[in-house]
Amino acid sequence: MPAAEAIYRKGFSVKGGDFAKAGAAACEIKELLKDLGLDTSTVRRAAIVAYEAEMNVIMYAWEARMDLTVSPEQVHLIVDDRGPGIADVELALTEGYSTATAEMRELGFGAGMGLPNIKRNADVFAIDSAVGRGTRLDIIIRTNGHVRP
Amino acid sequence: MNDKNFHAIHITKDKCIGCVRCLSACPTRAIRVGDGKARIIDQLCIDCAECLRVCPHDAVHSHTTSFASLEAFDYKVAIPSTVIYGQFGPTVVPNEILSALRRVGFDEVYDLSSICELNCAATEEYLNEHPRPRPYITATCPVVVRIIQRRYPSLCGQILPIEPPREIAAKILRTILPKALGIPAEKIGIIHITPCPAKIVSINSPATLAKSYLDGAISIRDIFPQILKALRKSDEDAMMRHLFPETLFSGTGMGWPLSGGETRGLKSHRAVAVSGIRDTMRVLDEVEGGLLQDIDLLECTVCPDGCVGGPLGVENRFLAKSRILELVAAAGEHAVVDQKDVSRLYHKNFLSFDHPVTPTEPRPLDGDPAKAIRKAKRREKIIVDLPQKDCGVCGAPDCRTLADDIVRGYARLEDCPFVKTAPKEKR
């Protein structure tokens, strides 16, 4: 475990339906990881995960907290939302499955790639969802020591 | 010359009064003001020329090729950007402009519209053969290539590896002319004429070629008076060009300098065109976040409305655009370039990059990730102490950038005029 001072923590709050700020938290996370000197592939994976997770909140949930913890070894993201929850998690993790409305699809979202894409880019992926309460994603992306010299 | 830190954009110290207009205009926050003068940080500058556009004191200049320097060549060839056709009134036809350029002093002048059409057809073939990744991003705008190298390194592999029309045209001419004319290749000067300050950067330090096929770039603004003079002196020539047009213009290629023009000729692919530096960055952020994968080709040009909005043009871009649209309509939809020629050149890799685009050296807060994390935390704390007014008085464009400069060791907290006085007033 790295010393506590070598762990970076930051929380972001995301509001459901706030399309005007869509991607703002993910962008900030991405810029931060670049500043920390993490390798390009880790940054890209984390950016995709953060973007998809943030978009899921904006499209489906009421509000969420995104908690980012970064150490030289890993990027840890917890996205805890208050929202409708997912009835069938297994199904939601199937590529191409989506409950997006026609309007969302019009905006280019809802291809049913969100959760599968997050899972694919994560080294550790856990999902916990309850209908009527919300969904919690727990994601770890390891830097695999591919840290820039 | 292939210097990574070569830049077209420079600040003329004598003229700079140290105001803060360029600070906030710079999309990569590459400018600082110190000792009363603006200074550009080379590693951050992408030569987009936003500072040149906003400077009220004419203190930002771009290095372009001077006409006088072409004396070194025995044979001078011009390949003007098709933006040039929109710079003169509605009665001046493209053939007259090309002819006027010959009288200005070029031995030969070639239209680029057919090569633009060729590039579009080659792009279509490339997309057909490469179903992944998506979206590909066009490489025409040198600033887009440079911003990807610096800020979106993970997208380097998504730049579509077909050279832009100006380089393809120069390569073709450089291959054919020495033999055809019996003049040594190095004595033939091939010059681009452009409204864009960044083309000289892509010529002097190419991102995808061992060496550019062009010898220089003259700005439309610099050569405009000479073209105008040549046009005015030649009523008879104008009549000749109207009655006996010699060049066949491509409608598809003619529209190339307007946003969406590069992709308009695609037949079976979904394309999106973005223009303007800030919108380009917003969309690239989305692509880096994994969005837009249902788009085949993303055309980004950092000047508003496309190259027609380049800062070194003369005619305002709205009139220029209107004139070019007239010319596109007049030229019609028919193909000027033979698809067989496109295929032949494409499969010989004649149109390809020499090498892929590679990221530039990253700029983390510290080379040691643990130290970088500490610095990032310190930066957060400093940001909270700063007034968030983004006034620029400290010399940085905004409070966040000052905090960044402080943890990198380039600035001090005392540089902020509000931090100095705050304890007396408030606490």
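Two strands are said to pair if DSSP finds at least two bridges between them. The exercises below apply this to a predicted model.

**Exercise 1. Decide whether strands β5 and β6 of chain B pair, and place them in their sheet.**

Step 1. Strand β5 of chain B covers residues 75-80, and two bridges join this strand to β6(B); since pairing asks for at least two bridges, the two strands count as paired, and they run parallel. Within β6(B), B:V109 is the residue that stands opposite B:A78.

Step 2. Helix α6 of chain B, residues 165-181, packs on the sheet, where it touches β5 and also β8 (188-194), and the direction of this helix makes about 155° with that of β8(B).

Step 3. The whole sheet is open and consists of four strands of chain B in the order β6-β5-β8-β9, with parallel pairing. The strands β6 (108-109) and β9 (216-219) of chain B stand at the edges and have a single partner strand each, so one side of each is left without a neighbour in the sheet.

**Exercise 2. Describe the sheet of chain B that contains β7, β11 and β10.**

Step 1. This open sheet has three strands, in the order β7-β11-β10, and the pairing is parallel. Its edge strands are β7 and β10 (271-275) of chain B, each of which pairs on one side only.

Step 2. Five bridges in the parallel sense connect β10(B) with β11 of chain B, the strand of residues 297-301. One pair to find in the structure is B:V274, which stands opposite B:C300 in β11(B).

**Exercise 3. Find the angle at which helices α3 and α8 of chain B cross, and list the residues that make the contact.**

Step 1. Helix α3 of chain B spans residues 94-104 and helix α8 of chain B spans residues 220-232; their axes come within 8 Å and cross at roughly 105°. Angles from 65 to 115 degrees count as roughly perpendicular, and therefore α3(B) is described as roughly perpendicular to α8(B).

Step 2. On the side of α3(B), the contact is made by B:E96, B:I97, B:A100, B:L101, B:R103 and B:V104, while α8(B) contributes B:I223, B:Q226, B:I227, B:A230 and B:L231. Sorted by class, this contact contains eight nonpolar residues, one polar residue and two charged residues.

**Exercise 4. Work out which elements of domain 1 of chain B touch domain 3 of chain B.**

Step 1. The domain assignment divides chain B into domain 1 (1-63), domain 2 (67-347) and domain 3 (364-427). Taken over C-alpha atoms, the centres of domain 1 and domain 3 of chain B are separated by 22 Å.

Step 2. Nine residues of domain 1 of chain B are in contact with five residues of domain 3 of chain B. On the domain 1 side, α1 (21-25) and β2 (31-34) of chain B each supply at least two residues, and the largest share, four residues, comes from β2(B). The residues on this side divide into five nonpolar, two polar and two charged.

Step 3. The strand β2(B) is joined by four bridges to β3 of chain B, residues 37-40, and the two run antiparallel; B:A38 in β3(B) is the bridge partner of B:V33. In the hairpin that they form, two residues lie between the strands, and B:D35 takes a positive phi near 50°.

**Exercise 5. Locate the cis peptide bonds that precede B:P133 and B:P135.**

Step 1. The peptide bond from B:R132 to B:P133 is cis, with omega near -10°, and the bond from B:R134 to B:P135 is cis with omega near -10° as well.

Step 2. B:P133 is placed in the loop between α4 (113-129) and β7 (136-137) of chain B, and B:P135 lies in the loop between α4 and β7 of chain B too.

**Exercise 6. Describe the side of chain A that touches chain B.**

Step 1. In the contact between the chains, 28 residues of chain A meet 22 residues of chain B. Helices α1 (24-35) and α2 (40-60) of chain A each supply at least two residues of the chain A side, of which the largest share, seven residues, comes from α2(A).

Step 2. By class, the chain A side divides into 17 nonpolar, four polar and seven charged residues.

Technical notes. Residues numbered from 1 in each chain as written. Chains lettered and ligands numbered in written order. Predicted model: local features only at pLDDT ≥ 70, side-chain atom pairs only at ≥ 80, totals over all residues. Contact = placed C-beta atoms within 7 Å. Axes fitted to C-alpha atoms, helices over the stretch in contact; angles between N-to-C directions. Nonpolar A, V, L, I, M, F, W, Y, C, P; charged D, E, K, R; others polar. Parallel < 35°, antiparallel > 145°, perpendicular 65-115°, else oblique. Domains from an automatic or database assignment.
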